[in-house]
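These are my notebook entries on a structure that I am reading for the first time. I wrote them in the order in which I looked things up.

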Amino acid sequence: MAFPRKTKNSELKDTLYSGPSTIHGTGLFAKCHIKKGKYIGTYHGPDAKRNGIYVLWVYDQGEEDKAVGRSGRNLLRYLNHEKFGNAEFDSFDLYARIGIKAGEEITFNYESE
């Protein structure tokens, strides 16, 4: 059964906010505790034709030639890299890999996606 995707900032702002990051520039933070496995939001924006700032590429391992890119336009564009990130993508949908505390920066491993 499909569930409603959170793509607009107005739908994300109850649980997420952007702010200064100790990792890099601006980061994405949790406003409240997010349980392990919980859906956080969907990376949303127009299709990307080439790499650039805020572009997320999704593909199956070994099928890089079939990659689909999106140029992020919502709060999820502020996700930063961390080797052992606390979130992970399933296609363009972001889920908590572990429990994330209120005020904690939300990160994912760019290389494993």
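Before turning to a hairpin, I noted what pairing means here: two strands pair if DSSP finds at least two bridges between them. I also kept in mind that this is a predicted model.

**Entry 1: the hairpin of β8 and β9**

I looked up how β8 and β9 are joined, and found that four bridges connect these strands, which run antiparallel. Within this pairing, Glu 88 of β8 stands opposite Tyr 95 in β9. The hairpin has two residues between its strands, and Ser 91 takes a positive phi near 60° there. I then followed the side chains along β8, where they alternate: Ala 87 and Phe 89 point to one face and are buried, whereas Glu 88 and Asp 90 point to the other face and are not buried.

**Entry 2: the three-stranded sheet**

Which order do the strands take in the open sheet of three? I read the order as β4-β6-β5, with antiparallel pairing. β4 (47–48) and β5 (55–58) stand at the edges with a single partner strand each, so one side of each is left without a neighbour in the sheet.

I next took the two pairings separately. β4 pairs with β6 (residues 68–71) in the antiparallel sense over two bridges; here Ala 48 stands opposite Gly 69 in β6, and the bridge partner of Asp 47 is Arg 70, also in β6. On the other side, β5 and β6 run antiparallel and are joined by four bridges, with Val 55 standing opposite Ser 71 in β6.

The side chains of β6 alternate as well: Gly 69 and Ser 71 point to one face and are buried, while Val 68 and Arg 70 point to the other and are not.

**Entry 3: the nonpolar core**

I looked up the largest nonpolar core and found that it has 20 residues; among those with the most contacts inside it are Leu 16, Leu 28, Ile 34 and Ile 106. The elements that give two or more residues to this core are β2 (26–30), β8 (87–90), β9 (93–96) and β10 (105–108). As background, I wrote down that nonpolar side chains tend to be buried together in soluble globular proteins.

I followed one member further. Leaving aside its neighbours within four places in sequence, Leu 16 is in contact with Leu 28, Phe 29, Lys 31, Ile 34, Ile 40, Leu 75, Leu 76 and Ile 106.

**Entry 4: the salt bridge**

How many salt bridges does the count come to? It comes to one. Arg 5 forms a salt bridge with Asp 93, the closest N and O atoms being 3.0 Å apart. Arg 5 lies in the segment before α1 (9–12) and Asp 93 in strand β9, so the pair ties together parts that are 88 residues apart in sequence. I checked accessibility for both partners: Arg 5 is partly exposed, with a relative accessible area of 37%, while Asp 93 is buried at 8%.

**Entry 5: the aromatic pairs**

A search of the whole structure finds six aromatic pairs, and I looked at two of them. The rings of Tyr 43 and Phe 89 have their centres 6.1 Å apart and their planes at 80°, so this pair is edge-to-face. Tyr 43 lies in the loop between β3 (39–42) and β4, and Phe 89 in strand β8, so the pair ties together parts that are 46 residues apart in sequence. Tyr 43 counts as buried at 5% relative accessibility, and Phe 89 is buried with a relative accessible area of 12%.

The rings of Tyr 54 and Tyr 78 have their centres 5.9 Å apart and their planes at 80°, so this pair is edge-to-face too. Tyr 54 lies in the loop between β4 and β5 and Tyr 78 in the loop between β6 and β7 (80–81), 24 residues apart. Is Tyr 78 buried or exposed? At 16% relative accessibility, Tyr 78 counts as buried, whereas Tyr 54, at 33%, counts as partly exposed.

I also noted that Tyr 43, Phe 89, Phe 108 and Tyr 110 form one aromatic cluster.

**Entry 6: Asn 109**

Asn 109 lies in the segment after β10, and it is buried, with a relative accessible area of 17%. The side chain of Asn 109 reaches the backbone oxygen of Lys 83 at 2.9 Å. Not counting residues up to four places away in sequence, Asn 109 touches His 81, Glu 82 and Lys 83.

Key: Residues numbered from 1 in each chain as written. Predicted model: local features only at pLDDT ≥ 70, side-chain atom pairs only at ≥ 80, totals over all residues. Heavy atoms only, no water. Core = buried A, V, L, I, M, F, W, Y, C linked by side-chain atoms within 4.5 Å. Buried < 20%, exposed > 50% of the residue type's maximum accessible area, 1.4 Å probe, protein only. Contact = heavy atoms within 4.5 Å. Polar contact = N/O pair within 3.5 Å; in protein donor to acceptor, adjacent residues only side chain to side chain. Salt bridge = Lys/Arg side-chain N within 4 Å of Asp/Glu carboxyl O. Phe/Tyr/Trp six-rings, centres within 6.5 Å; stacked < 30°, edge-to-face > 60°.
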